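Visitor: I am new to this structure and would like a close look at a single part of it, followed outward into its surroundings. Could you choose one element and take me through it with care?

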Amino acid sequence: MEIRSSCQPAPDRRPPAVNEDLVLTGPDFAVVLDGATPFPGVSSGCRHTVAWLVSRIARYVAPPLLTASTAPLPDVLAEAIVAVCAEHADTCDLTNRDSPSSTVAMVRVGPDRVEHLVLADSPVVYRTPDGVVTVHSDDRLEHLPERTVESVRRLRNAPGGFWVASTSPEAAYEAVTGTTDRGEVAAIGVLSDGASRYVEQYGHTWSDLMTVLTTEGPAALIRRVRRYDAAATAVRWKRYDDATAVVLYDSGRYDGNDGGR
Ligand SMILES: [Zn+2]
């Protein structure tokens, strides 16, 4: 598959704030991570930033994906979380429930099947050769009874709550996972919620989103989202968010010009 990606910080970020999204792609895989911006004034027990956590997860999921390991994606993620924990176990309180965390979306395209893993609100979208679109998403964060600091803390990586990549390798086994026949997948979108809001907040269909990704490209999708963000009258958590979009598609099926040029 041919792979294109764009990963852009929220336009209102000011230094030292940095992009807390990260995209990692290889010959047959894509990973999107979206670090959770901490609540102001909450002690995380960790001397590291969210961007550090995200970059470390990427560092440890990359080797098995690059070496054609057949390890299941939850194992790949769980081992990465264990490795990240080992890096800061001596300096940070990993029992702190506000320790930095990230969403994870991963796809791996094999000769016969496509695997996905989705943890928290970074969805994976498949389109068949006939144009049928399927969304693999984890909406547990959406269904929290309330989104206060206290309830998020209590329900994070806890049964009945929601799961993210942080200090608990068990979270990897709570992800939404699955496999699909390779022949049923002609195009794949992998998104952070800063980009999927094109559908989730701005009223387009997932099919619309896949059309933009495969005809204009990921950067064009994010540009479209930014126009909505700038014009929004009812702001939902924050007006702007870091945004990441990846498209993987069968070469020869990409029929558009590049909207990014
Ligand atoms: Zn730390």
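**A close look at helix 6**

Guide: In helix 6, the buried residues are Pro218, Ala220, Leu221, Ile222, Val225 and Asp229. Everything described here rests on a predicted model, and the helix is a good place from which to read it. Helix 6 covers residues 218-231, and its length can be checked with a simple rule: at 1.5 Å a residue its 14 residues should span 20 Å, and because the end C-alpha atoms are in fact 20 Å apart, the expectation and the model agree.

What lies over those buried residues comes next. The cover of the buried residues of helix 6 includes strand 1, helix 4, helix 5 (206-215) and strand 10. Leu221 shows this from the point of view of one residue: leaving aside its neighbours within four places in sequence, Leu221 is in contact with Ala195, Tyr198, Leu209, Val212, Leu213 and Ala245. Leu221 is also named, together with Leu77, Val107, Leu119 and Leu248, among the residues with the most contacts inside the largest nonpolar core, which has 69 residues. The largest share of this core, 7 residues, comes from helix 2 (residues 73-88). In soluble globular proteins, nonpolar side chains tend to be buried together.

The strands touched by helix 6 lead to a sheet. Five strands form an open sheet in the order 1-10-9-6-7, and their pairing is antiparallel. Strand 1 (2-8) and strand 7 (133-136) stand at the edges with a single partner strand each, so one side of each is left without a neighbour in the sheet. Direction ignored, neighbouring strands of this sheet are turned by 15° against each other on average. Within the sheet, strand 6 (residues 124-127) is joined to strand 7 by 4 bridges, and the two run antiparallel; the bridge partner of Val124 in strand 7 is His136. Helix 4 (residues 193-200) packs on the sheet, where it touches strand 9 (187-191) and strand 10 (243-249), and its direction makes about 80° with that of strand 10. Helix 6 packs on the sheet as well, touching strand 1 and strand 10, and the direction of helix 6 makes about 145° with that of strand 10.

Strand 6 deserves a further word. Strand 6 and strand 7 form a hairpin with 5 residues between them, and Gly131 in the turn has a positive phi of about 90°. Strand 6 also pairs with strand 9 in the antiparallel sense, over 4 bridges, and the bridge partner of Val125 in strand 9 is Gly189. Along strand 6, Val124 and Tyr126 point one way while Val125 and Arg127 point the other way, and all of them are buried.

A second sheet can be set beside this one. It is an open sheet of 5 strands in the order 2-3-4-5-8, with antiparallel pairing, and its edge strands, strand 2 (21-26) and strand 8, each pair on one side only. The twist here averages 10° from one strand to the next. Strand 3 (residues 29-35) and strand 4 pair in the antiparallel sense over 7 bridges, with Leu33 standing opposite Val104 in strand 4. Helix 1 packs on this sheet, touching strand 2, strand 3 and strand 4, and its direction makes about 165° with that of strand 3. Helix 2, which has already appeared in the account of the core, has Leu73, Val76, Leu77, Ala78, Ala80, Ile81 and Val84 buried, and these buried residues pack against helix 1 (50-66), strand 4 (102-109), strand 5 (113-119) and strand 8 (176-181).

Finally, the whole chain gives these parts their setting. The secondary structure of the protein chain comes to 6 helices and 10 strands, and buried residues make up 42% of its 261 residues. Of the contacts in the chain with a separation of 6 or more, 71% are accounted for by residues 24 or more positions apart. Along its principal axes the C-alpha trace spans about 50 × 45 × 35 Å. A compact globule of 261 residues would have a radius of gyration near 18 Å, and the protein chain has 18 Å, which agrees.

Technical notes: Residues numbered from 1 in each chain as written. Predicted model: local features only at pLDDT ≥ 70, side-chain atom pairs only at ≥ 80, totals over all residues. Core = buried A, V, L, I, M, F, W, Y, C linked by C-beta atoms within 7 Å. Buried ≥ 20, exposed ≤ 12 C-beta atoms within 10 Å, placed from the backbone. Contact = placed C-beta atoms within 7 Å. Rg over C-alpha atoms; globule rule 2.2 N^0.38 Å. Pairing = 2+ DSSP bridges. Axes fitted to C-alpha atoms, helices over the stretch in contact; angles between N-to-C directions. Expected span 1.5 Å × (residues − 1).
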